[in-house]
Structure formats: structure tokens, C-alpha cells
Amino acid sequence: MLTRKKFLGLTAAAVAVPLAAPFIGSAKAAEKTITWKSSGHGPASDPSQIYHDKCCQAITKASGGRLTVKPFVGGSIVPAYKEVDAIHDNVLQMAYTCPMYNLDKWKSAGLISSRPGALPGEALRSWFDFAGGADLMNKMMEGYNVMTFPGALSPLPEEVFFHSKVKLEGMQSIKGLKARCMGDGGEIFKRLGAATVIIPGGELFEAMQRGTIDAFEYSTLASNWTMHFNEVAKYVYLSSTRAPSDPQVFYVNKDAWAKLPEDLREIVAAEVAKHTQDQHEYLVVESLKAVEKFRAAGNEVLRVPKDIDEALLAEADKFYAEKSKSEKPIFKEIYDSMKTFGVAYNAIK
């Protein structure tokens, strides 16, 4: 199993040699500069896009410019949610996006996503880095010129359940609700009677203004405050049932990765791991602050009615039981791995 420790293979000596030996640094400087293009998936104001950009800049700096990673905002190089396809085609060499945006290729991608009944953030990152999660994702993507690695997943805090113009009184409020819901959660809500649609994050504000939708899920309290969603939805509904974590993952082009010298691969992996963890910790703190900001702006911050929570989890269990039987074997393999890890994780809580 490829754990994060094995993948990085970093030692103090490996990091120190280039700094302590000027003649080696000179030789490295003489090497041909490598340029990568990398894209986030959201608008410039999205913290995930901000941390993506920071990571690209950090890799460029740490490599002394030998590997220049040019950051691009989601949708500026390829259409939003098509970043992984662009990596496969070598239009991009790296991207930071949500696994669930690739359900058109891999139904099991929705499992490593913000979904009902998923692992909470801490458990999800541990599973991905040290319990075979990254290996399983790469197995899922076999045949595609794309890979990931331990440390590449950021377990963002639980998502806001819904920003809504409509007050949720119970399951009757879900029936016919025009809501933006992505991934498996969208399919499950559809089974519960919601009228779900797929809309890129950068278009949600306008969609709510125009009345295209009445409610939406997107990201964390912190992210959503910076996107001014307080202005288009009165109600902010909180619950960990719909998306206990909002995982986002760095992907790279396999061929581009293979061409990197070993020390540059180590730099990329180390900076990615640092920035994904930093983003998680930052958003936990900022989400705590954001609760009061939403309230001060006149929003009502409420818990989701219990019957909605219960109905969602029950339908999710049915959904994944069906999928485990009907989809490719990798689906059940990932689902069972996550479920087993979750049971063990909860047993020590």
C-alpha cells in the first residue's frame, strides 16, 4: 500500500542537500525549466481556488523556478468541472477539484465526495493517506492519464446543508424543491422528490437572484460567506448528514509526473500536502466565525429538521446498497473500504 510517508520518501538530508551544495544548485539551475498549467474549479473568491493558487506559487518558489506551475481560475482554461479531462488530454498538467465532478467517467467518484453518510474530514484524510484511499482512487482511474497521491486530498469541513429561500418545515418542504445538488447527494435528493439541477458554483448567486433555484448546497460556511450568499438566501441550514466533509483532490498528468526529476516530485507532493491541510484547518476556524457573520447579516442559521436528516440517511443506505450491486466492482471496493474504516473510527470515539 502506498502511504503518504512512503510516497513522499522525504528525509532531512534530501531536503538539505540542494541548499547546502551550491554547485548542485547551479547544475539544477542549468536544467531546462518545466512549465505546468494547473486549474482550480471555482471562482477567484473561493478559498479552494485561493489555496490552489498558493500551492502553485509555493511549488514554483520551492523548486527555484525549475518547475513553474501557472495557476488558473476554474473555467478559464476548460469548462468548469472538466479539469480532470483536461489533465488526461495534457491541456492541464495539474488541477484541484472535487471527485464528484467526474461521475460521467467513474460512478465511484461520488463516494470520495461530499455525500450523505460519508466519512467526516479527519477520518477521510486518514483513510485517503494511510488506509489505501489514494490507491483505490488511482485504481478507479486506471486507463486514464491521471493520478493522485497521499496528501492530495483536503477534507474541507462539513458543508452547509442548504442555503434556501424556503423555510424547511420537514420532508414536505423537500418535495418539488428546486435545488442545486451535486454528485450522489443530488441523486438521493431526487429520489426524495426534490427537483435537483447541476449548476457551477460561480453561477449560484445569479441563479438564486433569477429564481432558477430556491436552494442550493455548495461548500463550507467560510467559503459561502466570502461568496456573499447571505444576500440571496435568508435561511442557512446546518447538518452533517448531507456532507460531513467536502473533499477536494489534486490530480496530475501521469506522463508529466513521470518526467519530473525525483526531487521535483518530492517538492510537488510536499507542497500539495501542506496546502491541503492548511486549507482544512483555516476553513474550520473561518467557518466558526462565519456563523455569526451570517446571523449579523440577517440570515437565520438553523438546524435541519430531524425527519429530513433521517429520510436522507435512510435513502442513502438504499442508494449505495443498490449501486454496490449494479456498478463496477471498484464501486463496492471503495464503499466497503470507507464503511469499514468508518465503523472502526467511530468505535474509538
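This briefing describes a sheet, three helix packings and three loop residues in the structure above. The model is predicted, and every value quoted below was computed from it. Its open sheet has 6 strands with mixed pairing, while the helix pairs treated here are α6 with α15, α14 with α15, and α4 with α13. The loop residues are Tyr-81, Asn-102 and His-228.

**The sheet**

- The strands of the open sheet follow the order β8-β7-β9-β6-β10-β12, and their pairing is mixed.
- The edges are taken by β8 (195-197) and β12 (300-303), each of which has a single partner strand, so one side of each is left without a neighbour in the sheet.
- Strand β10, covering residues 235-238, runs parallel to β12 and is joined to it by 4 bridges; across this pairing, Tyr-237 stands opposite Leu-302 of β12.

**Two packings that involve helix α15**

- Helix α6 (residues 121-130) packs against helix α15 (residues 329-347) at an angle of about 125°, the axes lying 11 Å apart, and the two helices are therefore oblique to each other.
- The crossing in which α6 passes α15 is right-handed, and the contact is made by Glu-122, Ala-123, Leu-124, Ser-126 and Trp-127 on the α6 side, together with Ile-334, Ser-337, Met-338, Phe-341 and Tyr-345 on the α15 side.
- Sorted by class, the residues in the contact of α6 with α15 are 7 nonpolar, 2 polar and 1 charged.
- Helix α14 (residues 306-326) packs with α15 at an angle of about 140°, with the axes 7 Å apart, which makes α14 oblique to α15.
- In this packing, Tyr-320, Lys-323 and Ser-324 of α14 make the contact with Phe-331, Lys-332 and Tyr-335 of α15, and the classes represented are 3 nonpolar, 1 polar and 2 charged residues.

**The packing of α4 with α13**

- Helix α4 (residues 47-62) and helix α13 (residues 262-296) pack at an angle of about 150°, with 9 Å between their axes; because angles over 145 degrees count as roughly antiparallel, α4 is roughly antiparallel to α13.
- α4 passes α13 in a right-handed crossing.
- From α4, the residues Pro-47, Ser-48, Tyr-51, Lys-54, Cys-55, Ala-58, Ile-59 and Ala-62 meet a set in α13 that consists of Ile-267, Val-268, Glu-271, Val-272, His-275, Asp-278, Gln-279, Tyr-282 and Leu-283.
- The contact of α4 with α13 comprises, by class, 11 nonpolar, 3 polar and 3 charged residues.

**Loop residues**

- Tyr-81 has a positive phi of about 80° although it is not a glycine; Tyr-81 lies in the loop between β2 (67-72) and α5 (83-88), and with a relative accessible area of 10% this residue is buried.
- His-228 is likewise not a glycine yet has a positive phi, here of about 60°; its place is the loop between α11 (221-226) and β10, and at a relative accessibility of 44% His-228 counts as partly exposed.
- Asn-102 is found in the loop between β3 (94-97) and α6, where its relative accessibility of 1% makes it count as buried.
- When neighbours within four places in sequence are left aside, Asn-102 is in contact with Val-84, Ala-109 and Tyr-251.

Notes
Residues are numbered from 1 along each chain as its sequence is written. This is a predicted model: local features need pLDDT of at least 70, side-chain atom pairs count only at pLDDT 80 or more; totals for chains, interfaces and linings use all residues. Side-chain values use heavy atoms; hydrogens and water are left out. Two strands pair if DSSP finds at least two bridges between them. Buried means under 20% relative accessible area, exposed over 50%, partly exposed in between (1.4 Å probe, protein chains only). Axes are lines fitted to C-alpha atoms, for helices over the stretch in contact, and angles run from 0 to 180 degrees between N-to-C directions. Angles under 35 degrees count as roughly parallel, over 145 as roughly antiparallel, 65 to 115 as roughly perpendicular and the rest as oblique. A crossing is left-handed if the near helix is turned anticlockwise from the far one by less than a right angle, and right-handed if clockwise. Contact means heavy atoms within 4.5 Å. Ala, Val, Leu, Ile, Met, Phe, Trp, Tyr, Cys and Pro count as nonpolar, Asp, Glu, Lys and Arg as charged, and the others, Gly among them, as polar.
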